[in-house]
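Please open the model in your viewer and keep the sequence panel beside it. The stops below say what to select and what is to be found there.

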Amino acid sequence: MNTAQSLDVRSHINGRKMSGYQWLLLILCFLIVATDGMDVAIMGFLAPAITKEWGISRAAFGVVMSAAPIGLAVGALLVGPLSDRYGRKKLLMTAVAWFGACSLACAFAHDVVTLSALRFLTGLGLGAAMPNATTLLSEYVPERSRSTLLAIMFTGFNLGSGLVGFLAAALLPDYGWRTVLMVGGAIPLLCLPFYLWLVPESARFMVVRHYPAERIARTLARVCGSQFAAGQTFSVSEPPVKGGQPAKVLLSDAYRKTTLSLWGTYFMGLLVIYLLSGWLPTLIKDAGLPIEKAASITALFQLGGTVGALVVGFLMDRWSPSRAIACAYIAGAVFILLLASGSVQSGMFAAYVLLAGFCMSGAQTGLNAFAPSCYPTVVRATGVSWMLGVGRFGSILGSFAGGVLLSMGWGFGAVIAILAVPATLAALIIVFIQMGQRPAAAV
């Protein structure tokens, strides 16, 4: 492109077909999210072996299980402002190295306190990786297909969470739980040199942070296959942001309602998903099915969520994103009620689990894909990561609430039915607050 006029990076990316390098970036982010999913889920598969070796109760091991989710929340809250200041690539690479090294270190723990501390530190890195991968990819793909492509990236999390189960099954009998943790930590560390070489810094970030035009031109030429004349300058078509620090911007008059609606919706969605996925096997077993059958049926929830993410992302690119997300949450509430009113012996029970996962996880992934479009470049990473961080407290509450409700004597139908309330609230928040309040700077 031979023009002395400043080139709008956003319009340039939107006006071109996806290059081979942009597809490669999607694959790289998919792999990062997959390794993130592996290390998030790994402890659940190792808990029986560790509790047996150490001679501790499941209740005592609960401290270890809760350490990583807390770290995830803290990591997500910390990383956003740093990413908006220092760059998406730097924080993403640091996060991958951090959670890989900490997961590897977990293999050498010999008591609950040490393992809990290391899992918390691992969670910091895991919580930092997802928002940076989301932000970076969202700034390099055309907006017309952004939701679908981000949904594809997020399916890597489910893939990684599932693959680590097969990894544990293959290694545990002969090599023990420490070897599983070593392999889980080594995979991201071995991939890190390729990420450092192949993952670019965000061109939009470099523009708003006033990087040299020559460096921006080289990066865009590499990623998009573009050609630029000497002296080409670059810009991003976004209104100026007032408020200084990213945190102040998110809660300023222009973005406050958007921010609070994203937080509220994400919190409600994760509350439902984690209570269902975490306690459904126990609920089904208590209702009369063997644990093997209960585990198989619960797996349908994750399977439905993977497909639902792709469908909701596709609809978001062709319809109003907030409406597509809201409809998925409402449909999820309906299937949750059908699940609660049915019998575990019913032939439709497994189908309701599948469809509830399809809708709820599909909507939740859709929200992940939607959030980057709600904020301008200078605060985008903070906006995405803080939504993920606040939402993590919903996952912690959901995991905790299931045990509390069961201890109070609530039955299967009551525990499941109550989840229709937060699912419906998630839809209402995104409809009645997000719609019509999206700021003009949203890109």
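Helices in this tour are DSSP runs of H or I with at least four residues, numbered from the N terminus. The model is predicted, and the mean pLDDT of its protein chain is 85, with 95% of the residues reaching 70 or more.

**The whole chain**

Begin with the complete protein chain, which holds 17 helices and two strands. Along the principal axes, its C-alpha atoms fill a box of roughly 70 × 50 × 35 Å. The radius of gyration is 22 Å, which agrees with the value near 22 Å for a compact globule of 443 residues. If you colour by accessibility, buried residues should account for 54% of the 443 residues, while the accessible surface comes to about 17800 Å², 68% of it belonging to carbon and sulfur atoms. Of the contacts between residues at least 6 apart in sequence, 84% join residues at least 24 apart.

**Helix α15**

Select residues 380-407, which form helix α15, and pick out F400 within this helix. Is F400 buried or exposed? F400 counts as exposed because its relative accessibility is 57%, above the 50% cut-off for that class. Now add S66 to the selection: although F400 and S66 are 334 residues apart along the chain, their C-alpha atoms are separated by 9.6 Å.

**The nonpolar patch**

Next select M408, W410, I418, V421, L425, L428 and F432, which together make a nonpolar surface patch of about 670 Å². Which helix gives the largest share of this patch? That share, four residues, comes from helix α17, spanning residues 420-434. V421 lies in helix α17 and is partly exposed, at a relative accessible area of 46%.

**Salt bridges**

Side chains of opposite charge can pair when their charged atoms come close. A search of the whole structure finds six salt bridges, and the following selections show several of the residues concerned.

Take E143 and R10, whose side chains meet in a salt bridge with an N to O distance of 2.7 Å. This pair links distant parts of the chain, since E143 sits in the loop between α5 (112-138) and α6 (146-175) whereas R10 belongs to helix α1 (residues 9-14), 133 residues away. E143 is partly exposed, with a relative accessible area of 23%.

Move on to R178 and E53, where the salt bridge has an N to O distance of 3.7 Å. Here too distant parts of the chain are linked, R178 being in helix α7 (residues 177-198) and E53 in helix α2 (residues 20-54), with their positions 125 residues apart in sequence. E53 counts as partly exposed, at 48% relative accessibility.

Then select R256 and D253, which form a salt bridge whose closest N and O atoms are 3.0 Å apart. R256 is partly exposed at 35% relative accessibility, whereas D253 is exposed, with a relative accessible area of 68%. Elsewhere, D84, R88, E139 and R380 are joined into one network by salt bridges that share partners.

**A stretch to treat with caution**

Finish at residues 438-442, over which pLDDT stays under 50. The model has 12 contacts beyond four places in sequence for this stretch. Where pLDDT is low, the predicted coordinates should not be read in detail.

How values were computed. Residues numbered from 1 in each chain as written. Predicted model: local features only at pLDDT ≥ 70, side-chain atom pairs only at ≥ 80, totals over all residues. Heavy atoms only, no water. pLDDT = per-residue confidence, 0-100. Contact = heavy atoms within 4.5 Å. Patch = residues over 30% accessible without salt bridge, like charges linked within 9 Å, V, L, I, M, F, W, Y side chains within 5 Å. Areas by Shrake-Rupley, 256 points an atom, 1.4 Å probe, with all protein chains shown as cover. Salt bridge = Lys/Arg side-chain N within 4 Å of Asp/Glu carboxyl O. Buried < 20%, exposed > 50% of the residue type's maximum accessible area, 1.4 Å probe, protein only. Rg over C-alpha atoms; globule rule 2.2 N^0.38 Å.
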